Amino acid sequence: MFTQSATDPQLVSSLVFSPDGRRLISGDQQGRMNTWNVHSAIKQGIATSAFGTVSGHHEESVLFVAVSLDASMVVTASKDCTLTVWNA
């Protein structure tokens, strides 16, 4: 079971499993995208942008998360009207 820490509250706004079912990718209302190992329930952290974006997150909440078929990239769409392509 995945639980969210009370010291780091994040309201998840979008979830998707990787095609192989080994990772869960979440987008939250803070504009962050996180990856989770499904088998260990350990947060693997925030991915890096495929195009060198340094910010690491959107300015507003993530509305949509999609994963490429080979699970090498993740796309997030935000309420701030931006799309980000991430290396998974």
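**An all-strand predicted model**

Me: In what pattern do the secondary-structure elements follow one another along the sequence?
Reply: Helices (H or I, at least four residues) and strands (E, at least two) are DSSP runs, numbered from the N terminus. The protein has zero helices and eight strands. Read along the sequence, the pattern is β-β-β-β-β-β-β-β.

Me: In which strand is confidence lowest?
Reply: This is a predicted model, where local features need pLDDT of at least 70, side-chain atom pairs count only at pLDDT 80 or more, and totals for chains, interfaces and linings use all residues. Residues are numbered from 1 along each chain as its sequence is written, and side-chain values use heavy atoms, with hydrogens and water left out. The mean pLDDT (the predictor's confidence in each residue, from 0 to 100) of the protein is 77. Confidence is highest in strand β6 (residues 62-67), at a mean of 93, and lowest, at 48, in strand β5.

Me: Over which residues does pLDDT stay under 50?
Reply: Where pLDDT is low, the predicted coordinates should not be read in detail. The model has eleven contacts (heavy atoms within 4.5 Å) beyond four places in sequence for the stretch with pLDDT under 50, residues 48-55.

Me: Why does Phe64 count as partly exposed?
Reply: Phe64 lies in strand β6 and touches Ser14, Val75, Thr76 and Ala77, not counting residues up to four places away in sequence. Buried means under 20% relative accessible area, exposed over 50%, and partly exposed in between (1.4 Å probe, protein chains only). Phe64 counts as partly exposed because its relative accessibility is 48%.
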